[in-house]
Structure formats: structure tokens, C-alpha cells
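Me: I would like to go through this structure and ask how its labels are earned. Please set each value against its definition.

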Amino acid sequence: MRRVKEVEARLNSIQTSNLENASVTVVDLPHDASSTHTQPMPPVLSHETPIPVQMSLSESDEEINVDALATEAFQEEAESDIGHFGPSSNHAFFRSLSDIFARSLNTATLYRNSLRRSTTSLPPAPQPICLPFPSRSNAEEGDFVISRFTLEEAVRLIDVYSSSVGAMLPILNRSKLISDFKILQSGGGSKHQLGVKSTLLCIVFALASTLESQQQSIQLFQCALDNLKGRKLQSASIELLQSLLLIVTYQQNHQMSVTSWTYHALAVKTAYQLGLQSPSNYKEYAVQESEMRKRLWYGLINQDRMLCICLGRPLLVPAHHVRTPKLRNPQATVNLLQMRSQQVESIEYYTNLTSLYELAASIIELLYNDNIDIEEPISAQSILAKRLPIHWQLENWRRQLGAKYRIISNDELALASAALSDDDRFRLVLSVHYYRIAILVNGPALVHVLSETLHKLHSSEDCEMLLENVVPVIRNEFSALRDLHKTVSTVLSLDQSFLDSNGVWFLLNYTCNIQYFFDD
């Protein structure tokens, strides 16, 4: 009971003294200056970021506003139509918490009015710097754009991609990319085949160019989009699915989260059209091709679960549609699959990530009701009962990780040298994903217990039992937040391009971090 009283006293103290000035920051890498903050940014936020891609000016502004609003945790009034953000999203979580804290002080109206005043008193956000694109009539087709590169330049960009985002998403074959480039240079193949191959190479080169030349990266990305029209989207091919997955990855990390949902839906359509959901489909191919197709299918599934968590929407690929055989252990088939050691590590990381997002799908189903709001409330006791086995599964997943992939500890971060080691790269990225899922597990329990306690739906004895059971949840939640903040802060202090080159900016932009709880 002493711990319960301490928690209650601390919550009351926070509500009465810090509600107006609470510093809520998001582990975020804003790609422009359009996000508004009432407190100075912590070190994790200082980062030189890519310039947003220019579509039309109004479309660009809308995209950037949506990603900026992901960081405005306690803002109740949306500045633009950002679409529906359901239960698992950062928006929904803080809508619930802010309402609970405001109601607990009987100052909900005053609080909302103060938010509106603070919002309207802020200076207008500066317009993002956007590079102009040639008009569509002057834009070059993707195959001609690709043909401007020499073979040496193309191989270099393919290698840059393979060692950065490609290592996190091993769904392409380096040799085949080079072969496709040579085919484009020679002009062989049908017009349709050339179009799909040029789309894939455009988006690969765009991702590789992100940290080298923003203008080239944006132009290549636009060429990839220009290629995707008409019959190219109606038919289905492995190259088309690969292109769509990489386009979504690019959009997620360049402030185009709304548009990425559209291209993700096209990727789901393409995968179903190819029959990747069917286990028998994989028996028709040799081991190397079969494993590549499985990685492609699981890449789509992981992306679906990540998007649905961040945007709070139902899964487009439900868990009961995932019946594909598991990925083979690359260590056992390294000779058979003709892989280098770096490829083996990449696939092992990818296999661990896929198993983590299997747990994420269970969390969305059991704790967030598939991200579908229902009128019949679920009791806090039910949420706490469902959370415990999922929490155990998450901890078992963490403990079974091999030494190369175990979640990095704060002690190890404190000993980090002046530069990041390549050996720790997969561990760091996997740690970010793990902390994000750990935060996701605890949200519903916190909201339901606080809400039921506030509305006095239980006797005082039952309330004490609820609060006693929620103390470990609170402790686990803020431990995960603190560890995530420490991990990202340390990584960015050593390498500011880390999140962009590994494609995890989007995930962090939609992850909440409550700064004022970090002080013990």
C-alpha cells in the first residue's frame, strides 16, 4: 500500500503543478521546422534531416502537418484533416490521458481553452524548403533516367543501398539488380518489363542517394512514382511488389505517412495477386527463390503491422492470413543459399524482427480490439489479465535473442565509443523496435485503470487492488520510455544519419516519450 500511496501522491502532484507545463516530447526526428514545441528539444531531436519531397505545395504541407501532429501529444484540436487515428496510435493514447488528467481536476473546459490559446499564440510555422520538380511533360521516363548512370555508378549505388536500408529489409538480390540495370542499358525485354525494372532501380537509387544528394534522391523517387500508373499497377510481379515496399519505406521516412498508406494498400493487393499468402505457392521454386519470396511476404506483413500500430488502423493482412512457412535458418543453409556473412546477419536480424511483429499482431488484436473502437467498454481487470501473458511472451522473445542481436543495455550505451560499431547496428535497430512494442503493451492498462478509478466504477477496496496491480505496469512503461530515449540519444550523438540510413525515423516519430517522468 505504501507504493500505491506514493504513486497516487506523485500523480496528484503532477496533475496540480505540471499539467499546463508538462514537457511532452516525442522521440522524433523532425524533417523540418514545422513542428511546434513549448519546451526546448532534448538532444535526441537535434538532427540534420532530409528535405521533404515536393508533390504539390498543398499536398506537401498536408503530409508534413500530419507527421508534425504526431508529435503534438496533448493537442486536442487537429490543425487539418489528418484522418482517423485509432486506439494503438500516439494520438489516441494521449487523447485519453489528457482527458483523464483534466477531468480529475474538474478543469476540462479550462484546460481545452488554454490549449487553444497556446496553439493560436504560436508563431506560424515556416514553410519547408522544397526542391522544384520538372513538370510531368518535361519529366523523363524512369528507364531513360536510369540509363544516364554508368555501370560503375549503378553498382556503387546498389552497394550503398545494400549496406544501409537494404540490410534492414533483405528483399532484393544484388546480382539481379545489376543484371536488370544492364538489361535497361541494352534496351532488351518488353516495354512493360523495362518499366517495372526501371521503377525498382529508381527507388533503390533514391534510397541510396538520400544521404548523398537530396535533389537526386527526390528526382529518382518522383520518376519511380511516375512509372507506376495504368497497367503497371493492374498486373502483378515480384519487382512491382519490391518497388511498392521500398516506396512506402521512402515515404515513411520523408514525411509522407498518409500517402504511404495508399501505396501500402497497393502492395497488399499485389502480394495477394501473386499468391504469396499460399504456402503451396513456395514449393514451385528453388530454395533461394522461395526464401526471397518469403522474406518479401514477411516484409509486407511487418510493414502492415508497423503502419497499423502507428496510425491506429486495422491490419490489412490479418494474422489468420499468415500461414506461410517460417524463414529458414540462414546459418544452416548458408552454402545452399550462397550468402555472404553480412547477408546471413541481415536475415537473422530480419527473422528476429518478424517474430517480434508476430507479438505485435497479438497485441493489436487482444489489447486494442484490432484497432476498432467499440461502444461496450472493456474492464480494466480484463485488460490487465490479457496483458500479463503477452508481457511474458515479449520478455521470452528478448531472452532468446542471440548475442549478436540482444537488446542493448544502458551500461553498454554508456561505454559507447566515439563511433558506432557495425557489429552493434542490428542490435540498436532491434532495440528500438523492441522498446516501441514494450510501450504498446502497457498503454491500454494504464488508460483503463486511470479511467475507472477517476469515474469511481469500483469500491475503494477494488480501486486499491487495481492501483496495486498497475504499479508494475507504470514501472515497466517508463523504464521502456527511458531506455528508448537513452538509446536514440546516444545513437544520434554518434551518428546523426543513423535513423535515416536504417529507415526507422517513421517509427520513432509516432512514439511518445513523457519527459517529466524521467526524473526519479
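**Salt bridges and burial**

Reply: Aspartate 180 and lysine 176 form a salt bridge, their closest N and O atoms being 3.3 Å apart. This is a predicted model, in which local features need pLDDT of at least 70 and side-chain atom pairs count only at pLDDT 80 or more, while totals for chains, interfaces and linings use all residues. Residues are numbered from 1 along each chain as its sequence is written, and side-chain values use heavy atoms, with hydrogens and water left out.

Me: Why is the contact of aspartate 180 with lysine 176 called a salt bridge?

Reply: A salt bridge is a side-chain nitrogen of Lys or Arg within 4 Å of a carboxyl oxygen of Asp or Glu. The closest N and O atoms of lysine 176 and aspartate 180 are 3.3 Å apart, so the pair meets that definition. In general, side chains of opposite charge can pair when their charged atoms come close.

Me: Where do aspartate 180 and lysine 176 lie?

Reply: Both are in helix 8 (residues 174-186), four residues apart, about one turn of the helix. Helices are DSSP runs (H or I, at least four residues), numbered from the N terminus. An α-helix has 3.6 residues a turn, so residues three or four places apart point the same way.

Me: What makes aspartate 180 buried or exposed?

Reply: Buried means under 20% relative accessible area, exposed over 50%, and partly exposed in between (1.4 Å probe, protein chains only). Aspartate 180 has 3% relative accessibility, so aspartate 180 counts as buried. Lysine 176 has 39%, so lysine 176 counts as partly exposed.

Me: What other salt bridge does lysine 176 form?

Reply: Lysine 176 also pairs with glutamate 239, where the closest N and O atoms are 3.0 Å apart. Lysine 176 lies in helix 8 and glutamate 239 in helix 12, so the pair ties together parts that are 63 residues apart in sequence. Glutamate 239 counts as buried because its relative accessibility is 17%. Lys176, Asp180, Lys197 and Glu239 are linked in a network of salt bridges. The whole structure holds 14 salt bridges.

Me: How do you know that lysine 294 and glutamate 291 meet in a salt bridge?

Reply: Their N to O distance is 2.7 Å. The two residues lie in helix 14 (residues 287-311), three residues apart, about one turn of the helix. Lysine 294 counts as buried because its relative accessibility is 6%. Glutamate 291 is buried too, because its relative accessible area is 3%.

**Helices 12 and 14**

Me: How do you know that the length of helix 14 agrees with what is expected?

Reply: The expected span of a helix is 1.5 Å times one less than its number of residues. Helix 14 has 25 residues and should span 36 Å; its end C-alpha atoms are 36 Å apart, so the two agree. Helix 12 (residues 238-252) has 15 residues and reaches 21 Å from its first C-alpha to its last, close to the 21 Å expected.

Me: Why is helix 14 called largely enclosed?

Reply: In helix 14, 22 of the 25 residues are buried, so the rest of the structure largely encloses it. Helix 12 is mostly covered, with 15 of its 15 residues buried.

Me: Which residues of helix 14 have partners in space that are distant along the chain?

Reply: Glutamine 303 is found in helix 14. Glutamine 303 and tyrosine 357 are 54 residues apart in sequence and 9.2 Å apart in space, C-alpha to C-alpha. Glutamine 303 is buried because its relative accessible area is 8%. Valine 268, in helix 13, has its C-alpha 7.2 Å from that of leucine 300, 32 residues apart along the chain. Valine 268 is buried because its relative accessible area is 6%.

**Loops**

Me: What is the phi of glutamine 255, and where is this residue?

Reply: Phi of glutamine 255 is near 60°, a positive value in a residue other than glycine. Glutamine 255 is in the loop between helix 12 and helix 13 (257-274). Glutamine 255 counts as buried because its relative accessibility is 3%.

Me: What is the phi of asparagine 371?

Reply: Phi of asparagine 371 is also near 60°, and positive in a residue other than glycine. Asparagine 371 is in the loop between helix 16 (341-367) and helix 17 (380-399).
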